[in-house]
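Reader: I'd like to learn how to read a fold from its model. Could you walk me through it?

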Amino acid sequence: MRNTRLTRALASFTLALAVLCALAFVGTAVTHILDDGAVCAKTDFWHNATLEGGVPVSAGVKASSSTTRLCQDSPSAGQRAADLGNLLPWWLFGSVALLLFSRLLAAVVREGPFTAPVASRIFSLGWFLTAGTPVAGLLVGWSQSWLVGSMAPMIGSGPAISGSMVLVLVGLATVIMGKIMREGVHMREDLEGTI
């Protein structure tokens, strides 16, 4: 017997979170497109640079910078787009992942936990997490790298991955779980057909 009340509540909650992430995605995009202020980025390129005389420290202590904040007062369209690339990919990724998870829970309520639609949705969610995490991280990292490189050409820019890639492991585990469930469903159907 499955607890459909809890599963239904979780499905509604994750759907609401997916909608909130989608609204944050749209709101962030609109406010950044309409904003005509400065665009800022942080870099750790000078993370070992010594700070001369600007930081009050005790005798014998050396201070060094960890990050440098760069701001462009009148950014180009490319810099504005790169600034959006720092924010939007993770909002979109989160929204789609939560929507897929909500659909999975809705299928559990509707069909039951050990059915072909649930196994298929688990498999799809796993592949989305596995492929989407590095893609979103690459978009954010490369946007950040390009933005910093456009403000400080001596740094240069290139492909970079931002954020934790732990969700890749979660995605692979979910793909495996989906395959196991799919095989279990086929075995149960075969047994029901022979009885």
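Author: Let's go from the overall fold to the cores, and then out to the surface. Keep in mind that this is a predicted model.

Reader: Fine. Which elements does the protein chain have, and in what order do they run?

Author: A good habit is to list the elements before looking at side chains. Here the protein chain has four helices and two strands, and from the N terminus on they run α-β-β-α-α-α.

Reader: And how much of the chain is buried?

Author: Of its 195 residues, 33% count as buried. The accessible surface comes to about 12000 Å², with 67% of that belonging to carbon and sulfur atoms. For contacts, look at sequence separation: among those between residues at least 6 apart, 78% join residues at least 24 apart.

Reader: Now the interior. Which residues make up the largest nonpolar core?

Author: The general idea first: in soluble globular proteins, nonpolar side chains tend to be buried together. In this model the largest nonpolar core has twelve residues, including Phe93, Leu104, Val118, Ile122, Ala136 and Met181. Helix H2 (77–111) and helix H3 (116–151) each supply at least two residues of this core, and H3 gives the most, with six.

Reader: Take one member, then. What does alanine 136 touch?

Author: Leaving aside residues up to four places away in sequence, alanine 136 touches Pro89, Trp90 and Phe93. Phe93 belongs to the largest core as well.

Reader: How many residues are in the second core?

Author: Eight, and this core is separate; among them are Ala82, Leu147, Val148 and Met151.

Reader: On to the outside. Which residues make the nonpolar surface patch?

Author: For a patch, look for nonpolar side chains that stay accessible. Leu15, Val19, Leu20, Leu23 and Leu99 make one of about 450 Å². Helix H1 (residues 4–34) gives the largest share, four residues.

Reader: Is leucine 23, in helix H1, buried or exposed?

Author: Leucine 23 counts as exposed because its relative accessibility is 56%, and the cut-off for exposed is over 50%.

Reader: Last one: how many salt bridges does the structure hold?

Author: Just one. Glutamate 111 pairs with arginine 110, and their closest N and O atoms are 3.9 Å apart. Check that distance against the cut-off for a salt bridge, within 4 Å.

Reader: And how accessible are the two partners, glutamate 111 and arginine 110?

Author: Glutamate 111 is partly exposed, with a relative accessible area of 40%, while arginine 110 counts as exposed at 52%.

Methods
Residues are numbered from 1 along each chain as its sequence is written. This is a predicted model: local features need pLDDT of at least 70, side-chain atom pairs count only at pLDDT 80 or more; totals for chains, interfaces and linings use all residues. Side-chain values use heavy atoms; hydrogens and water are left out. Buried means under 20% relative accessible area, exposed over 50%, partly exposed in between (1.4 Å probe, protein chains only). Contact means heavy atoms within 4.5 Å. Accessible areas come from the Shrake-Rupley method with a 1.4 Å probe; for residues, only the protein chains shown count as cover. A nonpolar core is a set of buried Ala, Val, Leu, Ile, Met, Phe, Trp, Tyr and Cys residues joined through side-chain atoms within 4.5 Å. Patches are made of residues with over 30% relative accessible area and no salt bridge: like charges are joined within 9 Å, nonpolar side chains (Val, Leu, Ile, Met, Phe, Trp, Tyr) within 5 Å.
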